[in-house]
Amino acid sequence: MFSKETYINRRCQLKKSVGSGLLLFLGNTEVGCNYADNAYHFRQDSTFLYYFASDYSGLAAVIDIDEDKEIIFGDELTIDDIVWTGVQPTIKEKSGRVGIEVTRPMSQLATYIKAAQDKGQEIHFLPPYRGEHRVWLQELLGIHPSAQASAASMKFIKAVINQRNYKSAEEILQIEEAVNVSVDMHCAAMRAVRPGVTEAEIVSVVHAEAAKHNFNLSFPIIATINGQTLHNHAYGTTPLKDGQMFLLDSGCENAMHYAGDLTTTMPVGKSFTTQQREVCNILRRAHLAALDAIKPGVEYREVHRIVLTRIAEGMVDLGLMKGDPAEAAVAGAACMFLPHGLGHMMGLDVHDMENFGEVHVGYEEGRTKSPLFGWKSLRLARALEPGFVFTVEPGIYFIPDLMDKWRAEKQFTDFICYDKLDAWRNFGGIRNEEDFLITENGSRRLGKYKPMSPEEIEAEHNK
């Protein structure tokens, strides 16, 4: 954890931003996988970690701005608990480490909330993303789960976003630790992929690299020869074949739960085929164009447009598109080949704070998402500012169902050469991803360098 002063200052800034009322924080609890005592891996709520640092199950907290009180609620372990878990710090000890002196049993939380409501205080809460929190909020506040998202405090949401979006120097060190191990995960996969192994075997290699550091995954591993399926979490046991490509999208989170997120597309055989290399080089040019563009003040939607234009230029060179690439990008025709956004914010959540709403995190006040296919999936669009940490992850995909749909609907016939696409139906998809920080004067890659060009990936792959 960081110093006590870090957490005190974070809470002080939050109180000033919200101004009045009572801020309610619900920590995460153990959740049974198939029965209560066989729980899923415990992961504390990221906002709870940000302000209170307590990485333990069964806690809640309030910041009562009007009464100038900060209280953590939770129940101490009994001897029956200790024989299973071992001795743990008391809640008072945990709370004191972040500058909170008052703790109370969990049974007193509802009473405290009721007293605040009786005094006419506004109760601020964040949108819930877990079922048990929805039940808990209904019990505490009497708000039906179906109404909780709309009833969540927008003032609270925006105040948290305006703090967590700007990463401090000490946070950057934590993120880079996670990115460095994430690079090791990818390099281990590059060396392990070869004809005859399976997707599941590669997943075990990747996961083991994180486990060596006692780090967890920041999201479920995507490891597949079907790169055209953007979030493919199914791992086959059919042996890989020469001539295929293997896409790995994975990252870890470190002991303080800061995340890394990287993607690499690699050949299964010793090298990419001629066709694969052509597309890899188009993607590489688009990626480098993005890196040239990212700096303070530049809107990420504009960087996305630049990348789409570069991809469209490459598709024109291949004979798969025609017309003006810049127009194809703006119109949405190039989204046939890049149907997702260029990147997203990253921090304590791999998609940082997206449970609050992508628009609130990644868009300026008053701006909304485009309704266009592909463009509507842009998670980060706002002007970049120093302290922002985000991913740069362009991809190129050949998705047969999308090709068939648009062709039948005669979409973008002025741009897309449908008669040439059939030869590419089985190509799959590629994506390469890095993590970046916006600095005062530009940007810098976080963590150590991961092989990115086709030649670099092949060199690592053939070690």
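# A tour from strand β10 to the largest cavity

Start with β10 and β12: six bridges join these two strands, which run antiparallel. The model on screen is a predicted one. To see one of the contacts between the two strands, select L248 and then T264, its bridge partner in β12.

Stay on β10 and select residues 245-250. What lies on the other side of the pairing with β12 can be found by selecting residues 222-224, strand β9. Strand β9 is joined to β10 by three bridges, and these two strands also run antiparallel. One pair to pick out here is T224 with L247, its bridge partner in β10.Now show the side chains of β10. Are its residues buried or exposed? Six of the six are buried, so the strand is largely enclosed by the rest of the structure. Colour M245, L247 and D249 to mark one side of the strand, then F246, L248 and S250 to mark the other. Both faces are covered, and the residues named on each are all buried.

Next, go to the loop between β11 (252-253) and β12 (262-267) and select H257. The phi of H257 is near 75 degrees, a positive value in a residue that is not glycine. Most residues other than glycine have a negative phi. H257 is also buried, with a relative accessible area of 7%, which is under the 20% cut-off.

A second stop of this kind is M353. Select M353 in the loop between α13 (325-331) and α14 (358-362). M353 is not a glycine, yet its phi is positive, at about 65 degrees. How buried is M353? Its relative accessible area is 0%, so M353 counts as buried.

The last part of the tour concerns cavities. Over the whole structure, a search finds four cavities of 30 Å³ or more. The largest cavity has a volume of about 180 Å³. To find the largest cavity, select L26, D45, L126, P127 and H133, which are the closest to its centre among the 14 residues that line it.

Then add two elements to the view: β1 (22-26) and α6 (131-141), each of which supplies at least two residues of this lining. Which element gives the largest share of the lining? That is β1, with three residues.

Finally, colour the lining of the largest cavity by residue class. The lining has 10 nonpolar residues, three polar ones and one charged one.

Conventions:
Residues are numbered from 1 along each chain as its sequence is written. This is a predicted model: local features need pLDDT of at least 70, side-chain atom pairs count only at pLDDT 80 or more; totals for chains, interfaces and linings use all residues. Side-chain values use heavy atoms; hydrogens and water are left out. Helices (H or I, at least four residues) and strands (E, at least two) are DSSP runs, numbered from the N terminus. Buried means under 20% relative accessible area, exposed over 50%, partly exposed in between (1.4 Å probe, protein chains only). On a 1 Å grid over the protein atoms alone, a cavity is a set of points where a 1.4 Å probe fits but cannot get out, and a pocket is an open set with protein on both sides within 12 Å along at least five of seven lines; lining residues have an atom within 4 Å of a point. Grid points are joined across faces, edges and corners, and a volume is the space filled by probe spheres set on the points. Ala, Val, Leu, Ile, Met, Phe, Trp, Tyr, Cys and Pro count as nonpolar, Asp, Glu, Lys and Arg as charged, and the others, Gly among them, as polar. Two strands pair if DSSP finds at least two bridges between them.
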